[in-house]
Amino acid sequence: MTDAPIPVADQVPPVFVLVRPQMGENIGAAARAMLNFGLERLRVVDPRDGWPSPKAVAMASGAGRLLETAGPYADVQAAIGDCDYVFATTARGRELTKPVFTPEGAMAEARALVAAGKKVGVMFGPERAGLENDDVVLANAIVTVPVNPDFPSLNLAQCVLLMGYEWRRQTEAPAPVVMEFNRTDFASRVEVEKLGDHFEEKLTDAGFFFPPAKVPGMKQSLRNMWARLGLTKAEVATFHGMLRQIARRWNE
């Protein structure tokens, strides 16, 4: 017996998250690009020029309603906290170990996840330098556009438009291997973050983080690992239980 498909009316399209955008015009242009392809869930994290933004409203034109529910959010964690799976768009090479998708592959994966009732997020970085590593570690996967390596930079709204286009044109059924994952009840970003907090607390008590100069990098690597694994709710609960049992024995 297979799981019943999620009705189309109950499927939640991806949320596009603009992280620390610098220009209101780009926010408005991103909103227009999203609505062109039927996407209406926009979130804005810590915009440089404040919020609401008259320039964003003017540029958004007929897509202004997307801005009314866009936030702002204080940080990335708050903006993606309800997501089950998050993509981070970046043109730069990273030292982080994560799956790397093309826009086409990412949106095919997103379609499969959404069809199974999962909540998907796509993060876009600020115009000047893109997402920072501390942002990318919170994502499950990276999306990189195959552009000219001598000029890889994309305008924020252009990148949003490209991802929206790929989302819209995905019409084929997902591959069977994706459907196997779809039957899994993924942990939300908040649940994964809390697991990371629990591990950091217990590892700190055990003296794991040493020497001091390497502590930030060690913690970042662990956070990246938790985000990359795609843990289920049951697996997160198991890890919490393991940590509590180890701590209980430690204190006997």
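**Exercise 1. Histidine 240 in its helix**

In which helix does histidine 240 lie? Classify its burial and list its contacts distant in sequence.

*Solution.* The model is predicted.
- Step 1: place the residue. Histidine 240 lies in helix α11.
- Step 2: check accessibility. The relative accessible area of histidine 240 is 15%. Buried means under 20%, so histidine 240 is buried.
- Step 3: find its partners. Not counting residues up to four places away in sequence, histidine 240 touches Lys194, Leu195 and His198.

**Exercise 2. A patch on the surface**

Which residues form a nonpolar patch on the surface with Met242? Place methionine 242 and classify its exposure.

*Solution.*
- Step 1: name the members. Met242, Ile246 and Trp250 form the patch. Together they have about 370 Å² of accessible area.
- Step 2: locate methionine 242. It sits in helix α11, residues 233-250.
- Step 3: classify. Methionine 242 has 42% relative accessibility, so it counts as partly exposed.
- Step 4: recall helix geometry. An α-helix has 3.6 residues a turn, so residues three or four places apart point the same way.

**Exercise 3. Helix α7**

Compare the span of α7 with the expected value, then describe its start and its buried residues.

*Solution.*
- Step 1: take the length. Helix α7 covers residues 156-169, which is 14 residues.
- Step 2: compare spans. From first C-alpha to last, α7 reaches 20 Å, close to the 20 Å expected at 1.5 Å a residue.
- Step 3: inspect the start. A side-chain oxygen of asparagine 155 comes to within 2.8 Å of the backbone nitrogen of alanine 157.
- Step 4: list the buried residues. They are Leu156, Ala157, Cys159, Val160, Met163, Gly164, Glu166 and Trp167.
- Step 5: identify what they pack against. Strands β1 (15-19), β3 (85-89), β5 (120-124) and β6 (141-143) take part, as do helices α1 (24-36) and α5 (103-115).

**Exercise 4. Cysteine 159**

Is cysteine 159 buried or exposed? Find a partner distant in sequence.

*Solution.*
- Step 1: place the residue. Cysteine 159 is in helix α7.
- Step 2: classify. With a relative accessible area of 11%, cysteine 159 is buried.
- Step 3: list contacts. Leaving aside neighbours within four places in sequence, cysteine 159 is in contact with Thr89, Phe124 and Leu154.
- Step 4: gauge one pair. Cysteine 159 and phenylalanine 124 are 35 residues apart along the chain, and their C-alpha atoms are separated by 7.9 Å.

**Exercise 5. Two loop residues**

Classify threonine 144 and serine 188, and list what each touches.

*Solution.*
- Step 1: place threonine 144. It lies in the loop between β6 and α7. Its relative accessible area is 26%, so threonine 144 is partly exposed.
- Step 2: list its contacts. Beyond four places in sequence, threonine 144 touches Thr90, Val100, Phe101, Thr102 and Pro103.
- Step 3: look at distances. The threonine 144 side chain reaches the backbone oxygen of threonine 90 at 3.1 Å. The C-alpha atoms of threonine 144 and proline 103 are separated by 6.9 Å, though their positions lie 41 residues apart along the chain.
- Step 4: turn to serine 188. It is in the loop between α8 (176-182) and α9 (189-205). At 12% relative accessible area, serine 188 is buried. Leaving aside neighbours within four places in sequence, its contacts are Gly81, Cys83, Asp84 and Lys233.

**Exercise 6. The chain as a whole**

How many helices and strands are in the protein chain?

*Solution.*
- Step 1: count the elements. There are 11 helices and 6 strands.
- Step 2: check burial. Of the 252 residues, 44% count as buried.

Technical notes
Residues numbered from 1 in each chain as written. Predicted model: local features only at pLDDT ≥ 70, side-chain atom pairs only at ≥ 80, totals over all residues. Heavy atoms only, no water. Helix = DSSP H or I, 4+ residues; strand = E, 2+ residues; numbered from the N terminus. Expected span 1.5 Å × (residues − 1). Buried < 20%, exposed > 50% of the residue type's maximum accessible area, 1.4 Å probe, protein only. Contact = heavy atoms within 4.5 Å. Polar contact = N/O pair within 3.5 Å; in protein donor to acceptor, adjacent residues only side chain to side chain. Patch = residues over 30% accessible without salt bridge, like charges linked within 9 Å, V, L, I, M, F, W, Y side chains within 5 Å. Areas by Shrake-Rupley, 256 points an atom, 1.4 Å probe, with all protein chains shown as cover. Salt bridge = Lys/Arg side-chain N within 4 Å of Asp/Glu carboxyl O.
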